[in-house]
Amino acid sequence: MSAFTRTSRTTFMLLSARSRNVSVKRGYADEMSFTFAAANQVYYNNANVRQVDVPSFSGSFGILPKHVPTLAVLKPGVVTVFENDGNSKKIFVSSGTITINDDSSVQVLAEEAHPVEDLDGAAAREQLSKAQGDLSRASTDVEKAEAQIAIETAEALVQATT
């Protein structure tokens, strides 16, 4: 057997044994540090919460401690925060981002956010009607897109208030 073959085989065995003994540990935690802020208010600042349910463009999903790291875009809808004391808070968001880190910290940054109990159902239905009218009168692609966004947001507002 050539010296090259012996050296290659020994190197391969050492590397193989070394890779078998290496284990990757993620920084998962049993608790979840949660921050939720919007331009108008900070709702949670590194609070320890049990679960957060979020509406995203890839589908609504729940976040628990040890959730896989994720980046997502919020769509108009209700974020539900389940606090450790058993209470839950529902907050309407218009849009924004969700970041889930490997240490179980979660950040929700919203363009606009308001507690659901502060929303006016009649005003939401009026906004929906206006947005639908704007869409029917829209003549350019930009006007149509703006009206469609307004409709999606208004529909989510109406759903949040019912």
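**A walk from helix H3 to the E1–E2 hairpin**

Start by selecting helix H3: the cover over its buried residues includes strand E5 (77-83), strand E6 (88-93) and helix H2 (121-137). Contact here is heavy atoms within 4.5 Å. Helices (H or I, at least four residues) and strands (E, at least two) are DSSP runs, numbered from the N terminus. Buried means under 20% relative accessible area, exposed over 50%, and partly exposed in between, with a 1.4 Å probe and protein chains only.

Before you go on: this is a predicted model, where local features need pLDDT of at least 70 and side-chain atom pairs count only at pLDDT 80 or more, while totals for chains, interfaces and linings use all residues. Residues are numbered from 1 along each chain as its sequence is written, and side-chain values use heavy atoms, with hydrogens and water left out.

**Stay on H3**

Show the side chains of Ala147, Ile151, Thr153, Ala154, Ala156, Leu157, Val158 and Ala160, the buried residues of H3. Then put a ruler on its end C-alpha atoms: they are 30 Å apart, which agrees with the 30 Å that the 21 residues of H3 (141-161) should span at 1.5 Å a residue. The expected span is 1.5 Å times one less than the number of residues.

Next, select 128-155, where UniProt places the feature "coiled-coil region" in an unreviewed entry. The chain over 128-155 is 89% helix and 0% strand, yet the end C-alpha atoms of this stretch are 6 Å apart.

**Zoom out**

Colour by secondary structure and you get three helices and nine strands, in the order α-β-β-β-β-β-β-β-β-β-α-α from the N terminus on. Of the 162 residues in the chain, 33% are buried. Among contacts with a separation of 6 or more, 53% are between residues 24 or more positions apart.

**Over to the strands**

Pick E1 and E2, which run antiparallel and are joined by five bridges; two strands pair if DSSP finds at least two bridges between them. They make a hairpin with three residues between them, and Ala37 sits opposite Val42 in E2.

Keep E2 selected and add E5: this antiparallel pair has four bridges, and Asp53 has Thr80 in E5 as its bridge partner. Now add strand E3 (61-63), which pairs with E2 in the antiparallel sense over three bridges. Val54 faces Phe61 in E3, and in the six-residue stretch between E2 and E3, Gly59 takes a positive phi near 120°.

**Aromatics on E1 and E2**

Which residues form one aromatic cluster? Select Phe34, Phe36, Tyr43 and Tyr44. The whole structure holds three aromatic pairs. The rings of Phe34 and Tyr44 have centres 5.3 Å apart and planes at 50°, so this pair is tilted. Rings of Phe, Tyr and Trp (its six-membered ring) pair if their centres lie within 6.5 Å, with planes under 30 degrees apart counted as stacked, over 60 as edge-to-face and the rest as tilted. Phe34 is in E1 (32-38) and Tyr44 in E2 (42-54), ten residues apart. Phe34 is buried at 0% relative accessibility, and Tyr44 is buried at 8%.

**Two backbone stops**

Most residues other than glycine have a negative phi. Asn46 has a positive phi of about 55°; this residue of E2 is exposed at 54%. Ser104 also has a positive phi, near 70°. Look for Ser104 in the loop between E7 (96-100) and E8 (106-110), where it is buried at 2%.

Notes. UniProt positions renumbered as here; feature names shortened; annotations may be inferred.
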